[in-house]
Amino acid sequence: MEVGTRVRVKEPFTQAFPDEYVISGRNDDIEGGPVYFLEGVESAFDAKYLEIL
Amino acid sequence: MAITTLDGIVAGLGNAAQGLIINKASLSTQLAGGFTSLWRATGTPAQGAVPSTGAICTKALTGAMGFNNPSSGLSSYLARMMMLSSNNITDVQIHDRLAHMGGLSGTSTTAQTAAIDVSGSTNNLDLRRGDANYSDVQWWLEWYTATGSTAVTATITYTNADGVGSRTTTVSLASSMAASRMLPIVGSGGEFIRAISSITLSATTGTTGSFGVTATRALCGMSCPLANSSNISDWALLGFPRVHDDACLMMVMIPGSTTSGTLYGTSKLIQG
């Protein structure tokens, strides 16, 4: 997934993050990564918890 | 029996008090206004062990403040406490550590088993947990080794007070959660929790670290507003909290700075 992609957050995180988001960053250099950052959201996400819209 | 008169309190303080000594070294990398567990602080009581699988805690655990259960039919109470912190603006609470588990990873993004339940009666838990609706039980994520610098969200899967399972709530994990930090777990919509089954992180934090789930019941607390000045609370200020047999007494601190400071204190536990 690239920066700028619109996504939805999958379960079990949908309740906390119910909106549509845009990927604002990605970190490949992290143990267990990569992780994705969403605009306006402080938490990072694994790819398996993101669904491309 | 129970202590129900001032005479009973005076008699307990004068004749049957057990002294509890607190002398804890400072912990670094804490958060002013956050929650710090003194379970792993060295000193007196001794440093508690890092838990593994879920277990009910008792006063027999290293890390707990030791006391003797009273004779049959008598009850125990905290009736006096003195605290002195090397830091300003420190709040110290005494909790009964009901249950704990550890070994959760900061890099796993699959559901990690917690399997911690306070609904049983082993080790006097049915009395120690308080109200039957679990409103006295406080749930925490507790850190034993720092996790990584990436902020993530944890989804907690739990059973509510009515016994309904597969309920979920979330906790935000800030970057670089340090050892001994605690984050409260609150049930969805404020409902009370009786068991936690699993924890799922939204992403790796970048470092495995080690953290776990802890259940406590707060008994009393006191403030130490001025560094190196002793502060005393009597039975009335403490709320004369009952200490049930086998309680695992520990301290939870709300520090006013990024260290917990050295903490010295004494307390009197009376029985009658």
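Biologist: In which order do the five strands of the open sheet in chain A lie?

Modeller: Good place to start, and keep in mind that this is a predicted model. Read a sheet from one side to the other, not along the sequence. Here the order is β4-β3-β2-β1-β5, with antiparallel pairing.

Biologist: Which strands are the edge strands?

Modeller: Look for strands that pair on one side only; in chain A these are β4 and β5 (50-52). Take β4(A) as an example: β3(A) pairs with β4(A) in the antiparallel sense, over two bridges. Within that region, A:Y36 stands opposite A:F45 of β4(A).

Biologist: Now the interface. How many residues of chain A are in contact with chain B?

Modeller: Begin with the contact list: 18 residues of chain A touch 21 residues of chain B. Then turn to area: the two chains bury about 1400 Å² between them, and 52% of that is on carbon and sulfur atoms. On the chain A side, A:P12, A:F13 and A:E31 lose the most area to chain B, together 32% of what that side buries.

Biologist: How many residue pairs are in polar contact across the interface of chain A and chain B?

Modeller: The rule finds 11 such pairs, with both residues at pLDDT 80 or more. Salt bridges between chain A and chain B, by contrast, number zero.

Biologist: Which strands of chain A each supply at least two residues of the side that touches chain B?

Modeller: Back to the sheet, then: they are β3 (35-38) and β4 (44-45). As for residue types, the side of chain A that touches chain B has 10 nonpolar, four polar and four charged residues.

Terms used
Residues are numbered from 1 along each chain as its sequence is written. Chains are lettered from A and ligands numbered from 1 in the order in which they are written. This is a predicted model: local features need pLDDT of at least 70, side-chain atom pairs count only at pLDDT 80 or more; totals for chains, interfaces and linings use all residues. Side-chain values use heavy atoms; hydrogens and water are left out. Contact means heavy atoms within 4.5 Å. Buried area is the accessible area (1.4 Å probe) that two parts lose on being put together, summed over both. A salt bridge is a side-chain nitrogen of Lys or Arg within 4 Å of a carboxyl oxygen of Asp or Glu. A polar contact is a pair of N or O atoms within 3.5 Å; within protein, one must be able to donate a hydrogen and the other to accept it, and residues adjacent in sequence count only if both atoms are side-chain atoms. Helices (H or I, at least four residues) and strands (E, at least two) are DSSP runs, numbered from the N terminus. Ala, Val, Leu, Ile, Met, Phe, Trp, Tyr, Cys and Pro count as nonpolar, Asp, Glu, Lys and Arg as charged, and the others, Gly among them, as polar. Two strands pair if DSSP finds at least two bridges between them.
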